[in-house]
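Me: I'd like a close look at one part of this model, the place where two helices pack against each other. Could you walk me through that contact and then link it to the rest of the chain?

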Amino acid sequence: MAGGNEMSVKTLKEVWKRAENSLCADCGKPDPDWASSTLGVFICLNCSGIHRNIPSISKVKSLKMDHWDDAQVQFLAKHGNAVTKAVYEAHIPIYYYQPTYNDCQVLREQWIRAKYERKEFTEPGKQLPYSDGVKEGILWKRGRDNGQFLPRKFLLSEREGCLKYFTKQDAKEPKINVKIDVINATFQPEKIGNPNGLQITYLKDNKTRNIFVYHESGKEVVDWFNAIRSVQFHYLKVAFPIASDNEIKNRLTRNFLKEGYMEKTGPKQREAFKKRWFTLDHRRLMYFKDPLDAFAKGEVFVGSGENGYSVQKGLPSGTQGNFSWHYGITIVTPDREYLFTCETESEQLEWIRAFTSVINQAMTPQEYAIEAYFKFKS
């Protein structure tokens, strides 16, 4: 904490130590050591970089290395995270996704810009670009067969309860028409290879289909994301009238619990292990030949411990299939065992933690129905 008179330095330290300022005002990361001298919030290093890109709104300084004059210290003392949040986060829609420090850059940047630059949440009932119940526009969609990203028209409709996309601007019939309650959306910049990459998944005949899209504008793609959440929220409010807003909020879009490469063998456990891309979407463990495949090559249902499911470190003794990775995982189900190997021990432990978190949760009636489908299919 450089410069300033002794009293100002003491005051700044005291304000910094307030409980309300112990987490970044924008992403919730612990121990923020930067602050905005114009907004009065305490923020982490990563969020300070975003603030620095909107200098007309926010001037950021290090709490450890920069000089703070008396007026700036007093400004921080009068504000702080709680006071500033009460203004800029006063009327956030229940469905709006508030990112954390684990989320990607585009989500965090647009959250910060929505709060301070566009002031989207300062007034009640404000008309927002994702709250109309309908959204239409162009997204660049990856072709299922050729892998090229081409512009496609998308239409989201709360009244019809669906998301459509059209292969041509003037097409009368959509290529797909997906019910809003079977859709998930999650940002995947690294996998898609674009900082604004969004993966949209949906169920068709109880099988998962992936669509990979992006938009050049970070604001536009995040608006699409929150528009999907908005339409889902209002659809579920009608479908489940006695459910609380928070219960419905928890049923909106979700991030995958874990993704990455593992090797797997077949049901006889004598086949050679093959490298596949795995996605754990709650109780659905899907595997793909390529991370950007539209359809999974197979799916495994991961139930609860009280229903006979478990995860074990290592492979059964005497496993005969050839494998090049040596950190094994065994998923035990009431019907069979599934064998996987990971390249590193850290990957093995991360997968085991993800599987354990699912297995430790009680199953819902809907999940019992999904389990029954998987058993029937097999």
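Reply: Here's a walk through one helix pair, followed by its cysteines, a second pair and a couple of loop residues.

Keep in mind that this is a predicted model. The part to zoom in on is where helix α2, residues 45-52, packs on helix α5, residues 105-117. Two packed helices are described by the angle between their axes and the distance between the axes. For α2 and α5, the angle is about 55 degrees and the axes are 10 Å apart. That angle makes α2 oblique to α5. As for handedness, the crossing of α2 past α5 is right-handed.

Which residues make the contact between α2 and α5? From α2 you get Asn46, Cys47, Ile50 and His51. On the α5 side, Gln105, Arg108, Glu109, Ile112 and Tyr116 take part. Sort the residues in the contact of α2 with α5 by class and you have 4 nonpolar, 3 polar and 2 charged.

Cys47 deserves a pause, since a cysteine in a contact invites a question about bonding. Cys47 is buried, with a relative accessible area of 1%. A disulfide is a covalent bond between the sulfur atoms of two cysteines. Why is there no such bond from Cys47 to Cys44? Cys44 holds the closest cysteine sulfur to that of Cys47, but the two are 3.8 Å apart, which is too far for a bond because the cut-off for a disulfide is 2.5 Å. Cys104 is in no disulfide either; its nearest cysteine sulfur is that of Cys47, 12 Å away. Cys104 is also buried, with a relative accessible area of 17%. Searching the whole structure gives 0 disulfides.

For a second helix pair, try α1 (residues 6-16) and α3 (residues 70-78). Their axes come within 10 Å and cross at roughly 25 degrees. So α1 and α3 are roughly parallel to each other, as angles under 35 degrees are counted that way. The crossing of α1 past α3 is left-handed, whereas α2 passes α5 in a right-handed one. Ser8, Thr11, Leu12 and Val15 are the α1 residues here, and they meet Asp70, Val73, Gln74, Leu76 and Ala77 of α3. By class, the α1 contact with α3 comes to 5 nonpolar, 3 polar and 1 charged residues.

Back to α5: the loop between α5 and β4 (134-142) is where you'll find Lys119. Its phi is near 50 degrees, a positive value in a residue other than glycine. Is Lys119 buried or partly exposed? With a relative accessible area of 40%, Lys119 is partly exposed. His282 also has a positive phi, near 55 degrees, and it is likewise a residue other than glycine. You'll find His282 in the loop between β12 (274-281) and β13 (284-288). His282 is partly exposed, at a relative accessible area of 24%.

Zooming out, the protein chain has 10 helices and 17 strands. Its C-alpha trace spans about 75 × 55 × 45 Å along the principal axes. Of the 378 residues in the protein chain, 50% are buried; Cys47 is one of the buried ones. Taking contacts in the chain between residues at least 6 apart in sequence, 53% join residues at least 24 apart.

Definitions and conventions:
Residues numbered from 1 in each chain as written. Predicted model: local features only at pLDDT ≥ 70, side-chain atom pairs only at ≥ 80, totals over all residues. Heavy atoms only, no water. Axes fitted to C-alpha atoms, helices over the stretch in contact; angles between N-to-C directions. Helix = DSSP H or I, 4+ residues; strand = E, 2+ residues; numbered from the N terminus. Parallel < 35°, antiparallel > 145°, perpendicular 65-115°, else oblique. Left-handed = near helix turned anticlockwise from the far one by under 90°. Contact = heavy atoms within 4.5 Å. Nonpolar A, V, L, I, M, F, W, Y, C, P; charged D, E, K, R; others polar. Buried < 20%, exposed > 50% of the residue type's maximum accessible area, 1.4 Å probe, protein only.
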